[in-house]
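Colleague: Could we go through this model together? I would like to begin with the cysteines and then turn to the ligand.

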Amino acid sequence: MSDFKDKVVFITGGSRGIGRACAVAFAKRGATVVINYAGNEAAATETVKLIGEAGGKGKAVRFDVANPEECNKAVEETVKELGRLDVLVNNAGVAIDGLIMRFADADYQKTLDINLKGAFNLIRAVSRTMMKQRAGVIINMTSIVGEMGNGGQAAYAASKAGLIGLTKAMAKELAPRNIRVCAVSPGFIETDMTTHIPEEARKMMLQVTPLARLGRAEEVAAATVFLASNDASYITGEVLKVNGGMYM
Ligand code: NAP
């Protein structure tokens with residue numbers, strides 16, 4: 001399929017995990033994919049290689065999504081170079097866990113700055129271009145934890161629940177300009193973010209997951225590409241769960 005031919009897709013946190021799988025999935029459908037990353041240059045270079053092998057064109061830009069000036073600059077340069085920006089996937093995220101009594105202010109702030117303010121920064125940065133185009137799709141990567149909560153994840157849950165509110169507000173605000181805004185809400189997916197989960201906790205999670213396995217990054221990418229495609233042209237403000245049935 002080449003329904004993203006001539007389309008420019010911008011994915012934050014595209015160097016690894018779910019972001020990388022999204023980059024490859026869009027590339028397979030003909031997109032030009034710009035990925036952002038925080039510091040892992042080797043992983044970002046590998047993703048760009050995979051984009052090329054999948055049949056797309058790719059480029060990596062390093063910046064911190066928490067920094068609004070850097071977000072504006074990256075978007076401006078992308079539009080200048082490629083002439084347009086059709087899809088934004090706000091996927092960059094961190095999970096800093098801990099019990100509330102000992103949770104450091106700096107860790108709370110960092111989580112909110114990257115996971116929630118980062119998405120806000122980029123939505124604001126792309127809005128002018130998408131409004132002028134009178135077309136665009138924005139997908140925010142939230143989490144099952146933002147929907148159902150999880151002990152030990154105060155900051156992460158707050159940031160991901162916030163993303164759902166941001167998604168719905170933007171869906172309403174930008175709809176008159178034909179810009180759709182949705183969220184994808186993964187359950188537990190096998191990536192670097194979940195490798196540290198202890199065996200016991202993993203077993204407990206599988207017991208409450210009807211499909212009885214962790215998800216794959218490619219399965220989250222498939223949902224993301226669907227929402228960004230014309231097949232989802234009447235869907236906006238939606239939070240699409242990709243969680244094996246763990247939370248319904
Ligand atoms: P991951 O493997 O840990 O990758 C995180 C990505 O985010 C990397 O590309 C990283 O860049 C980038 N990043 C981190 N901080 C950044 C910053 N300040 N500025 C720019 N980029 C930054 O994570 P993942 O598991 O694929 O998760 C991707 C998204 O899905 C996250 O938003 C996460 O919360 C969400 N999610 C994941 C799961 C899961 O089970 N894995 C479940 C629900 C939701 P570098 O490579 O340069 O470090």
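Modeller: Certainly. This is a predicted model. Cys-22 has a relative accessible area of 0%, so Cys-22 counts as buried, the limit being under 20%.

Colleague: And Cys-182, buried or exposed?

Modeller: Cys-182 is buried, with 0% relative accessibility.

Colleague: How many disulfides does the count come to?

Modeller: The count is zero. For Cys-22, the nearest cysteine sulfur belongs to Cys-182 and is 14 Å away. Because a disulfide requires two cysteine sulfur atoms within 2.5 Å, Cys-22 is in no disulfide. Cys-182 is in no disulfide either, its nearest cysteine sulfur being that of Cys-22.

Colleague: Now the ligand. How many residues surround it, and which are the closest?

Modeller: There are 32 residues around the ligand. The closest are Ser-15, Gly-39, Asn-91, Tyr-156 and Thr-191.

Colleague: How do these surrounding residues divide by type?

Modeller: The shell has 14 nonpolar residues, 14 polar ones and four charged ones.

Colleague: Which helices and strands each supply at least two residues of that shell?

Modeller: Helix H1 (17–28), strand E2 (32–37) and helix H6 (154–174) each do so.

Colleague: Which polar side-chain atom lies 2.8 Å from an oxygen atom of the ligand?

Modeller: That atom belongs to Lys-160. Polar backbone atoms take part as well: one of Asn-91 is 2.7 Å from a ligand oxygen, and one of Val-65 is 3.1 Å from a ligand nitrogen.

Colleague: What share of the ligand's area does the protein bury?

Modeller: The protein buries 94% of the 910 Å² that the ligand exposes when taken alone.

How values were computed
Residues are numbered from 1 along each chain as its sequence is written. This is a predicted model: local features need pLDDT of at least 70, side-chain atom pairs count only at pLDDT 80 or more; totals for chains, interfaces and linings use all residues. Side-chain values use heavy atoms; hydrogens and water are left out. A residue is near a molecule or strand if one of its heavy atoms lies within 4 Å of it. A polar contact is a pair of N or O atoms within 3.5 Å; within protein, one must be able to donate a hydrogen and the other to accept it, and residues adjacent in sequence count only if both atoms are side-chain atoms. Accessible areas come from the Shrake-Rupley method with a 1.4 Å probe; for residues, only the protein chains shown count as cover. Helices (H or I, at least four residues) and strands (E, at least two) are DSSP runs, numbered from the N terminus. Ala, Val, Leu, Ile, Met, Phe, Trp, Tyr, Cys and Pro count as nonpolar, Asp, Glu, Lys and Arg as charged, and the others, Gly among them, as polar. Buried means under 20% relative accessible area, exposed over 50%, partly exposed in between (1.4 Å probe, protein chains only).
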